[in-house]
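Hi everyone, thanks for coming. I'd like to walk you through a structure that is new to most of you, so let's bring it up on the screen.

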2 protein chains.
Amino acid sequence: MSDCIFCKIVSGEIKTNFVYEDSDVVAFYDIKPEAPVHIVLIPREHIERISNIKEKDAGLVSKLFLAATKLAQEKHIETSGYRLVINCNKDAGQAVFHLHLHLLGGRKLTWPPG
Amino acid sequence: MSDCIFCKIVSGEIKTNFVYEDSDVVAFYDIKPEAPVHIVLIPREHIERISNIKEKDAGLVSKLFLAATKLAQEKHIETSGYRLVINCNKDAGQAVFHLHLHLLGGRKLTWPPG
């Protein structure tokens, strides 16, 4: 998608330091961090939102979460704890319409989650 | 796990109205709702936390999310929006050590997510 900022990050058109990448997923620090560790994980494929996920894409969701758990280990927040968040559409404040998973940790996270 | 409250919900030892169930996943309303729609989705299998997920369990994560997207449609929050949250360990306030996914919608959710 030519006008998608996350597709431009995937393609390299917007230079970004990846903290994780594999054949399906890339991850980078959120530009507006809300916690000491705040990483965004995205599929390379352009899927607009979680509600567009079909059975055939399901493996991709698992890959996002497996990557997030690896990153949590690497960033030393696995034991202390972390929150994983996906926003869908306006009420959740989804800001970029390319599916993404937020990994937040390194501080106490309050409840409710927004 | 004999002392796990979510395993007791799965087994029927604690009577619960399921809003969704299939061979791998069950879902029910959160007893302390934080939004007009606040549903908890869990695997029938006892997995303590998301950080315990291995490659072999990855399909289960996808199934939780596919079920959540179906529920969001059924509860008419797909278009307005919703947030999906998984808490891992103390900093995230994980309260029950049986993997679970929160689906919250029906109101504007703020940022940061806790």
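**How two chains meet**

Let me start right at the meeting place of the two chains: between chain B and chain A there are 25 residue pairs in polar contact, counting pairs with both residues at pLDDT 80 or more. That pLDDT is your hint that we are looking at a predicted model. Salt bridges are another matter, as the count between chain B and chain A is zero.

Which elements of chain B supply the side that touches chain A? Helix α2 (58–74), β4 (82–88) and β5 (101–105) of chain B each give at least two residues to that side. The largest share comes from α2(B), with eight residues. If you sort the residues of this side of chain B by character, you get 17 nonpolar, 15 polar and ten charged.

Now for the extent of the contact. It takes 42 residues from chain B and 42 residues from chain A. The size of an interface is often given as the accessible area lost when the parts come together. Here chain B and chain A bury about 3,600 Å² between them, and 57% of that is on carbon and sulfur atoms. On the chain B side, the residues that lose the most area to chain A are D91(B), W111(B) and G114(B), which together make up 18% of what that side buries.

How are the two copies arranged? A rotation of 180°, with 0.0 Å of shift along its axis, superposes chain B on chain A with an RMSD of 0.0 Å. The two copies are therefore related as by a two-fold rotation axis. Both copies also use the same surface, since 100% of the contact residues of chain B recur in chain A.

Let's turn to the strands, and please follow along on the screen. Strand β4 of chain A (residues 82–88) pairs with β4(B) in the antiparallel sense, over seven bridges. For one of the pairings, find I86(A): its bridge partner in β4(B) is L84(B). Within chain A, β4(A) also pairs with β5 (residues 101–105), again antiparallel, over four bridges. There, Y82(A) has G105(A) of β5(A) as its bridge partner.

Step back, and you can read off an open sheet of ten strands with antiparallel pairing, in the order β1(A)-β2(A)-β3(A)-β5(A)-β4(A)-β4(B)-β5(B)-β3(B)-β2(B)-β1(B). Which strands stand at the edges? They are β1 (20–21) of chain A and β1 (20–21) of chain B; each has a single partner strand, so one side of each is left without a neighbour in the sheet.

Before I finish, a few backbone details. The peptide bond from W111(A) to P112(A) is cis, with omega near 10°, and P112(A) lies in the segment after β5 of chain A. In chain B, the bond from W111(B) to P112(B) is cis too, with omega near 10°, and P112(B) sits in the segment after β5 of chain B. You may remember W111(B) from the list of residues that lose the most area to chain A.

The last one is H76(B), in the loop between α2 and β4 of chain B. H76(B) has a positive phi of about 60°, although it is not a glycine.

That's my tour, and thanks for listening!

Note on methods:
Residues numbered from 1 in each chain as written. Chains lettered and ligands numbered in written order. Predicted model: local features only at pLDDT ≥ 70, side-chain atom pairs only at ≥ 80, totals over all residues. Heavy atoms only, no water. Least-squares fit on C-alpha atoms with pLDDT ≥ 70 in both. Contact = heavy atoms within 4.5 Å. Buried area = accessible area lost by both parts, 1.4 Å probe. Salt bridge = Lys/Arg side-chain N within 4 Å of Asp/Glu carboxyl O. Polar contact = N/O pair within 3.5 Å; in protein donor to acceptor, adjacent residues only side chain to side chain. Nonpolar A, V, L, I, M, F, W, Y, C, P; charged D, E, K, R; others polar. Pairing = 2+ DSSP bridges.
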